[in-house]
Amino acid sequence: MRLHPQSVRIRLTIWYTIALALIVLAFAFAIYFVVRTSLLQQTDQQLNKDFATVARVVTDEPAEINELAQHGSINLFQIFEGNEVVAETDDWSRAGLEKAPSGKIGLPWSWEAPNGLPYRVKQATVTSIGHSYLIRIAEDEQTMRLALKSLTMILLFGIPVALALAVIGGYLLAGRVLGPIGAMAAKAGEITADRLAERLPVEDPHDEFGRLATVFNQTFARLEDSFERLRRFTADASHELRTPLTAIRSVGEVGLQQNIDATACREVIASMLEEADRLTKLVDSLLTLSRADASSVPIKRELTDLSALAAEVADCLQVLAEEKEQTVQIVTEGQVFAEIDTATLRQALINLVDNAVKYSPRMGHIRVVVRSPADAEAVIEVIDDGPGIPLEHQSRIFDRFYRVDKGRSRELGGTGLGLAICQWAVEVNGGRIELESEESRGTVFRVIIPKHHKQS
Ligand code: ADP
């Protein structure tokens with residue numbers, strides 16, 4: 001057991017002890033006063049009973065007064081008629097009760113006799129056949145005082161012992177309850193960037209600590225996943241960057257080794273430029289994605305006619321399609337407005353149409369359909385009758401650097417980042433992208449974005 005003044009365990013124990021001490025003290029005072037009041041009431045009841053007996057004798061049988069004082073069962077009383085003592089018990093004078101001061105008529109009061117013994121005293125007047133008598137009567141309070149003293153002793157010794165036991169119990173209990181936190185902290189300290197597969201211990205997943213550990217474990221799982229993706233992305237990016245660099249280097253080396261004429265030299269430079277182009281494209285795509293990850297691409301939403309945007313994109317890529325004798329057809333239902341960042345959505349559509357042109361065979365047909373089927377959504381579909389994407393690749397096709405046929409993609413100038421950029425661009429505009437494709441039967445990429453309500 002290691003004590004630490006700042007530890008939660010000590011703080012818990014201290015607060016627990018203070019709260020318990022206050023409650024126990026309040027209880028002790030309450031018990032003391034309830035018992036005292038009850039004992040006093042009992043004494044006063046006895047006093048009143050004795051007074052009533054004496055008063056009855058005084059009023060009904062005055063001649064019996066002395067007999068009552070000498071041989072009666074009531075030991076402490078004194079009766080005056082005017083200033084003259086009519087009767088008095090032996091114990092009354094023995095206890096020195098004649099010195100007891102006069103209290104309020106009818107109300108008992110406590111008084112300590114010169115011999116040190118406490119008494120409860122009461123006085124009242126009674127009248128009988130024209131005579132007025134003052135009766136003073138007393139009850140020994142010693143038994144009551146002794147009972148109260150015993151109670152005080154029990155409380156005085158009992159409370160500290162109970163508190164000491166509570167402190168020990170509270171400290172042990174707090175240690176037991178906070179145990180999982182210590183284990184979690186120790187384990188969390190061991191989890192570093194290269195040991196992200198480790199998890200915090202979960203004793204009971206349903207209690208507060210268990211839920212906390214589970215939430216931390218989920219965070220660690222997400223971190224592990226992000227680290228893994230980052231690691232894979234860095235490895236893939238390095239590999240992709242190395243390929244054109246190696247190509248430039250080898251083309252350059254071959255060119256230098258051979259005695260070549262001006263035409264061959266131009267060819268070498270042309271291939272080097274082609275690889276440099278590929279490199280630039282790759283670096284541009286990487287930059288776009290890293291800005292996207294850092295959310296630093298400025299997004300300026302404006303009301304845009306998606307049909308016009310689709311037509312503009314198709315126009316842009318018409319030349320490439322013509323080279324492959326392909327047709328690019330725009331099918332629209334008139335103007336479909338959406339509030340989007342035009343630049344990013346244009347980039348997404350360019351990537352989709354560019355892929356359709358790239359992967360469709362010569363004489364292929366590409367259609368860009370803009371429609372608004374549901375009230376709140378606008379749809380842009382890029383449809384081709386190309387080779388399609390096999391089912392087993394479809395779930396990963398939007399992953400960075402994922403390609404069905406790497407060699408063919410590279411040959412066609414692809415970077416493997418087009419669809420990843422496309423997905424980000426659609427999502428940043430509040431939309432989603434879906435793929436529908438069947439091998440050898442073509443592909444449909446469907447971009448769905450929230451429509452603007454005030455459209456025609
Ligand atoms: P790339 O630069 O390789 O085109 P993308 O991310 O744009 O990278 O596409 C990823 C892969 O998806 C491509 O390599 C290709 O295999 C496949 N693909 C994308 N669009 C189509 C399409 N319209 N038809 C067939 N395959 C496609």
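# Reading a predicted model: from His393 to the ligand

Reader: In which helix is the place of His393?

Author: His393 has its place in helix H9. Please bear in mind from the outset that this is a predicted model.

Reader: How should one decide whether His393 counts as buried or exposed?

Author: The decision rests on relative accessible area, with buried meaning under 20%. Because its relative accessibility is 17%, His393 counts as buried. Apart from residues up to four places away in sequence, His393 touches Tyr402 and Val404.

Reader: Where does Val404 lie?

Author: Val404 belongs to the loop between helix H9 (391-394) and helix H10 (406-411). The contact with His393 reappears from this side: beyond its neighbours within four places in sequence, Val404 is in contact with Ile389, Pro390, His393 and Ile397.

Reader: How accessible is Val404?

Author: A residue between the limits of 20% and 50% is called partly exposed. Val404 has a relative accessible area of 40%, and is therefore partly exposed.

Reader: How does one read separation along the chain against separation in space for Val404 and Asp207?

Author: One sets the two figures side by side. Val404 and Asp207 are 197 residues apart along the chain, and 47 Å separates their C-alpha atoms. For Glu224 and Val54, the separation is 170 residues in sequence and 96 Å in space, again from C-alpha to C-alpha.

Reader: What surrounds Glu224, leaving aside its neighbours within four places in sequence?

Author: Glu224 is in contact with Leu196, Ala197 and Arg199 once those neighbours are left aside. Its place is in helix H5, which spans residues 208-257. With a relative accessible area of 30%, Glu224 is partly exposed.

Reader: What does the radius of gyration of the protein say about its overall form?

Author: The value is to be set against that of a compact globule. For 456 residues, such a globule would have a radius of gyration near 23 Å, but the protein has 51 Å. The box filled by the C-alpha atoms, taken along the principal axes, is roughly 160 × 60 × 35 Å. Within this form there are 11 helices and 12 strands.

Reader: What share of the residues counts as buried, and what share of the accessible surface belongs to carbon and sulfur atoms?

Author: Of the 456 residues, 38% count as buried. The accessible surface comes to about 26,700 Å², and 58% of it belongs to carbon and sulfur atoms. Sequence range may be read in a similar way: among contacts between residues at least 6 apart in sequence, 63% join residues at least 24 apart.

Reader: Turning to the ligand, which residues around it come nearest?

Author: There are 20 residues around the ligand, and those that come nearest are Asn355, Tyr359, Ser409, Thr415 and Leu419. By class, this shell has nine nonpolar, eight polar and three charged residues.

Reader: Which elements each supply at least two residues of the shell?

Author: They are helix H8 (342-359), helix H11 (418-428) and strand S12 (442-450). H8 gives the most, with four residues.

Reader: Which side chains have an N or O atom paired with a ligand atom?

Author: One looks for pairs of N or O atoms within 3.5 Å. A nitrogen atom of the ligand is 2.9 Å from such an atom in the side chain of Asp384. An oxygen atom of the ligand is 2.5 Å from an N or O atom in the side chain of Ser409. The backbone also takes part, with a polar atom of Gly418 lying 3.2 Å from a ligand oxygen atom. Taken alone, the ligand exposes 530 Å², and the protein buries 96% of that.

Reader: How is H11 itself packed, and which of its residues are buried?

Author: The buried residues of H11 are Leu419, Ala420, Ile421, Cys422, Trp424, Ala425 and Val426. Their cover includes helix H6 (262-293), H8, strand S11 (432-438) and S12. After H11 comes Gly430, with a positive phi near 80°.

Reader: Is Thr342, in helix H8, buried or exposed?

Author: Thr342 is buried, because its relative accessible area is 11%. Its side chain makes a polar contact of 3.2 Å with the side chain of Thr304. Neighbours within four places in sequence aside, Thr342 is in contact with Lys300, Glu302, Thr304 and Leu309.

Notes: Residues are numbered from 1 along each chain as its sequence is written. This is a predicted model: local features need pLDDT of at least 70, side-chain atom pairs count only at pLDDT 80 or more; totals for chains, interfaces and linings use all residues. Side-chain values use heavy atoms; hydrogens and water are left out. A residue is near a molecule or strand if one of its heavy atoms lies within 4 Å of it. A polar contact is a pair of N or O atoms within 3.5 Å; within protein, one must be able to donate a hydrogen and the other to accept it, and residues adjacent in sequence count only if both atoms are side-chain atoms. Accessible areas come from the Shrake-Rupley method with a 1.4 Å probe; for residues, only the protein chains shown count as cover. Ala, Val, Leu, Ile, Met, Phe, Trp, Tyr, Cys and Pro count as nonpolar, Asp, Glu, Lys and Arg as charged, and the others, Gly among them, as polar. The radius of gyration is taken over C-alpha atoms; the globule rule is 2.2 Å times the number of residues to the power 0.38. Buried means under 20% relative accessible area, exposed over 50%, partly exposed in between (1.4 Å probe, protein chains only). Contact means heavy atoms within 4.5 Å.
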